[in-house]
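Student: I have a structure open on my screen and would like a close look at one part of it. Could you walk me through one helix and its surroundings, step by step?

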Amino acid sequence: FLCDQLCLEPENVLPEPWVRGRDLIACGFAPSPMFKKVLEKTFDRQLADDFRTPAEALAYAADQLKIKR
């Protein structure tokens, strides 16, 4: 059982999120409750291959925060 858990297939391991809260803060946004929702949606779209680069993902997240102000 333990070996099964440790030997996960690569396709079953989630990638690191391209955008984190610290990235949004570096863009000048103050931390807010909206961060979590925007970051989750951005990560979902990353997993769906909606972005080609981390920069595209960051631009999307920043736009979402601007809309929700």
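Tutor: Happy to; we will take the third helix, α3, and follow its buried side into the rest of the chain.

Please keep in mind that this is a predicted model. First, some orientation. The protein chain has 4 helices and 0 strands, so to speak a plain α-α-α-α when read along the sequence. Of its 69 residues, 25% count as buried. Among contacts with a separation of 6 or more, 61% join residues 24 or more positions apart.

Now to α3 itself, which runs over residues 34-47. The helix has 14 residues and reaches 20 Å from its first C-alpha to its last, close to the 20 Å expected at 1.5 Å a residue. Which residues of α3 are buried? They are Phe 35, Val 38, Leu 39, Thr 42, Phe 43 and Gln 46. These residues cover an arc of only 135° around the axis, which puts them on the same side of α3. The general rule behind such a pattern is that an α-helix has 3.6 residues a turn, so residues three or four places apart point the same way. On the other side of α3, Lys 36 and Lys 37 are exposed.

What covers the buried residues of α3? The cover includes α2, residues 21-26, and α4. You can see some of this by starting from Phe 35. Leaving out residues up to four places away in sequence, Phe 35 touches Gly 21, Leu 24, Ile 25, Phe 29, Ala 30 and Leu 65.

Further along α3 comes Thr 42, which is buried with a relative accessible area of 2%. Beyond its neighbours within four places in sequence, Thr 42 is in contact with Val 19, Phe 51, Ala 57, Tyr 60 and Ala 61. To place Thr 42 against another residue, look at Ala 62: the two are 20 residues apart along the chain, and their C-alpha atoms are separated by 10.0 Å.

One of the partners of Thr 42 is Ala 57, which belongs to helix α4. At 0% relative accessibility, Ala 57 counts as buried. Setting aside residues up to four places away in sequence, Ala 57 touches Trp 18, Val 19, Thr 42 and Phe 51. Its C-alpha atom is 8.3 Å from that of Phe 43, a residue 14 places away along the chain.

Gln 64 is also found in α4. This residue is buried, with a relative accessible area of 14%. Again without residues up to four places away, Gln 64 touches Val 38 and Lys 41.

Several of these residues come together in the largest nonpolar core, which has 12 residues in all: Val 19, Leu 24, Phe 29, Phe 35, Val 38, Leu 39, Phe 51, Ala 57, Tyr 60, Ala 61, Ala 62 and Leu 65. The elements that give two or more residues to this core are α3 and α4. The largest share, 5 residues, comes from α4.

Two of the core's aromatic residues deserve a closer look. A search of the whole structure finds 1 aromatic pair. The rings of Phe 51 and Tyr 60 have their centres 5.5 Å apart and their planes at 45°, so the pair is tilted. Phe 51 and Tyr 60 are both buried. Tyr 60 has a further partner: the charged end of Arg 45 sits over its ring, 4.4 Å from the centre.

Finally, let us leave the helix at its end. Just after α3, Asp 49 takes a positive phi of about 60°. Why point that out? Most residues other than glycine have a negative phi, whereas Asp 49 has a positive value in a residue other than glycine. Asp 49 lies in the loop between α3 and α4. Is Asp 49 buried or exposed? At 65% relative accessibility, this residue counts as exposed.

To put the walk together: α3 has its buried residues on the same side, with Lys 36 and Lys 37 exposed on the other. The cover over the buried residues includes α2 and α4, and α3 and α4 each give two or more residues to the largest nonpolar core.

Key:
Residues are numbered from 1 along each chain as its sequence is written. This is a predicted model: local features need pLDDT of at least 70, side-chain atom pairs count only at pLDDT 80 or more; totals for chains, interfaces and linings use all residues. Side-chain values use heavy atoms; hydrogens and water are left out. A nonpolar core is a set of buried Ala, Val, Leu, Ile, Met, Phe, Trp, Tyr and Cys residues joined through side-chain atoms within 4.5 Å. Buried means under 20% relative accessible area, exposed over 50%, partly exposed in between (1.4 Å probe, protein chains only). Contact means heavy atoms within 4.5 Å. Rings of Phe, Tyr and Trp (its six-membered ring) pair if their centres lie within 6.5 Å; planes under 30 degrees apart count as stacked, over 60 as edge-to-face and the rest as tilted. A charge sits over a ring if NZ of Lys or CZ of Arg is within 6 Å of the ring centre and within 35 degrees of the ring normal. The expected span of a helix is 1.5 Å times one less than its number of residues. The arc is that of the directions from the helix axis to the C-beta atoms.
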